[in-house]
Amino acid sequence: MTYPTKPDAAYDYVSYQAGYPTTPLPAAQVAADFAEHKTSIDEVVEFLQVSHRSDGLLQSGVVDPQSLSTATVALIGGWTPRGTWVTATAYAASDVVEYPAASGNAYVCVTAHTSGTFATDRAADMWQSITALRPDDNIDFTGDNTFAGTSTFNDAVDINAATTFDGTTTFGAAFTATFSGNVTLDGTGKTFSAGSGVTVDLDGAAAVLVPTATAGDNDTTAASTAFVYNEFALRYGRNVLINGDFAIDQRNAGASKTLTAGAAIAYCVDRWYASCTGANVTVQQVAGTSPNPYALKFTGLAGNTGVLLGQRIEAADAAHLYNQTVYVSLQVKSSSLTSLTWTAYYANTADTFSSKTQIATGTISSISSTLASKSFSFSAGTGVTTGLCIEFTGGALLGSQTLQIENVQLEINQVTPFERVPYAERLARCKRYCVRRKATAVTQLALPGFSYITNTQQNYIDRFDVEMRAAPTFSVSATTDFYQVANATTTAATGLTLSVADKWGAFLVCANVSFGSNVPSLLASQNSSAWMQYEAEL
């Protein structure tokens, strides 16, 4: 801070008054002089506040070792200022150093020694801090520290050892942090204004600071760069993948699905597609490893040469990954495979993965027959705004060899515990891409309908539970699995097909000459294996 500005008293009011005794003083000049004096007074007040408190005492930490005279040092205990700490130097008890250079952090030597590494010497209790910390200091925490009350830090903090914040701790707008030691936040109201991706330790459980505008607000595009710590410090909805725990299986209801070798990808458990080479394999939703309710399991066959599992993420859900570091975590085990290859792609055209470009690839190694957690990361780059897909490929699964995968998560910032989303919400997200109407008993599946004026065609309305990604395609188990009922007459659902559909619903059409005009009717299932499906997968 510069010294206060001295006011300029150049105008001669005495001479002016002597020459013009009946004329008022020049107002503009008086106003200008008052303004100049006010500026000087304000600067003096601000300058004093740097060094003095309101009770007249000096501000904490404003006197550093270099400011003390030899006589003063002698009066306070004979400490010897030695300037900035340097290695390979003999220090005697009562020597005072500054470390790091220009930091304002002062330490007194308590045990004579030849310096090596400051952090090591400090940990051995050869130095004792004598600096009163200020909110605006650059702080280097090289030893264990505990802050039990309300603490505010507005500048750089470098934490290299275990540090505990037990009270309300606020890091201000200029705060930056390097945390290479464990940090425990036991109090409440932990608000960070900077330090994206800082890892902390909450009573031994890994957690992360996530960008939010205000507490409880997950808008990462807001102008504010605040980072708010909450229960797990985890943003809700952080897993970009849908059905990462394989709980939703509309198509197969837990039954085994056979993958044809060399065929195109086939969707199996909701949102996940799979394929194989060499020989057919099966894929199935199975019970997971406790406490995971579900898992996805491949079972091999002689002659198989490889398997693939993947998920495509539409542009609307991938756009926020632009230029972000993406972290993928999963749990995996296999009776034979020891590694998997992962590959990330972006769609060359929005939501169209028939043409895609590789972003990154790598290896998941050390897989065994015991379920283990694995993770990897990559930069999503700029192309990800058109959609992202992540695929896992493995080598041959022969005979009854198996590969089992659980709890797959894709997120930004870092790896966090698997996100548990309510079942109803998971199901709704899956139904954006696939809706299967399935009977579990005879006549359980029924749609109300109406007939056209002509008696040769009947239309049935089907409204979707959620908005689908796009107008879907339609398929049925078999048209013979359904029949129509009208005027107490039952007849076959001849030619059951889709007439027209949008993202919210569909008209299904049957052709039959047995009904009269304007006759209400029902479309019902003949047996428990009947199903009809709308699909808008990527």
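**Reading strands, cavities and confidence**

User: Where is Ser-366 found?

Analyst: Ser-366 is found in the loop between strand S28 (352–364) and S29. A strand here is a DSSP run of E, at least two residues, numbered from the N terminus. Before we go on: this is a predicted model, where local features need pLDDT of at least 70, side-chain atom pairs count only at pLDDT 80 or more, and totals for chains, interfaces and linings use all residues. Residues are numbered from 1 along each chain as its sequence is written, and side-chain values use heavy atoms, with hydrogens and water left out.

User: What is phi of Ser-366 near, and is the residue buried or exposed?

Analyst: Phi is near 60°, a positive value in a residue other than glycine. For exposure, buried means under 20% relative accessible area, exposed over 50%, and partly exposed in between (1.4 Å probe, protein chains only). Ser-366 counts as exposed because its relative accessibility is 57%. Now take Arg-271, whose phi is near 75°, again positive in a non-glycine residue. Arg-271 sits in the loop between strand S21 (266–267) and S22. Arg-271 has a relative accessible area of 1%, so it is buried.

User: Which residues does Ser-379 touch?

Analyst: Contact means heavy atoms within 4.5 Å. Leaving out residues up to four places away in sequence, Ser-379 touches Gln-324, Thr-325 and Ile-359. Ser-379 belongs to strand S29 (residues 372–379), and it is partly exposed because its relative accessible area is 44%.

User: How do I read strand pairing, and which strands pair with S25?

Analyst: Two strands pair if DSSP finds at least two bridges between them. S22 (residues 273–277) runs antiparallel to S25 and is joined to it by five bridges, with Ala-274 opposite Leu-309 in S25. S25 also pairs with strand S30 (residues 388–394), antiparallel over seven bridges; there Arg-312 stands opposite Cys-389 in S30.

User: How many residues of S25 are buried?

Analyst: Eight of the eight residues in S25 (residues 306–313) are buried. Both faces are covered, with Gly-306, Leu-308, Gly-310 and Arg-312 on one side and Val-307, Leu-309, Gln-311 and Ile-313 on the other.

User: How many cavities of 30 Å³ or more does the structure hold?

Analyst: Rolling a probe the size of a water molecule over the atoms shows where empty space is left. On a 1 Å grid over the protein atoms alone, a cavity is a set of points where a 1.4 Å probe fits but cannot get out, and lining residues have an atom within 4 Å of a point. Points are joined across faces, edges and corners, and a volume is the space filled by probe spheres set on them. The structure holds three cavities of that size, and the largest has about 80 Å³ of space. Its lining includes Asn-239, Asp-245, Phe-418 and Arg-429.

User: Where does pLDDT stay under 50?

Analyst: pLDDT is the predictor's confidence in each residue, from 0 to 100. Where pLDDT is low, the predicted coordinates should not be read in detail. Here, it stays under 50 over residues 185–233, for which the model has 103 contacts beyond four places in sequence. The protein chain averages a pLDDT of 81, and 75% of the residues score at least 70.

How values were computed: 1 Å grid on protein atoms, 1.4 Å probe; cavity = no way out; pocket = protein on both sides within 12 Å on 5 of 7 lines; lining within 4 Å. Helix = DSSP H or I, 4+ residues; strand = E, 2+ residues; numbered from the N terminus.
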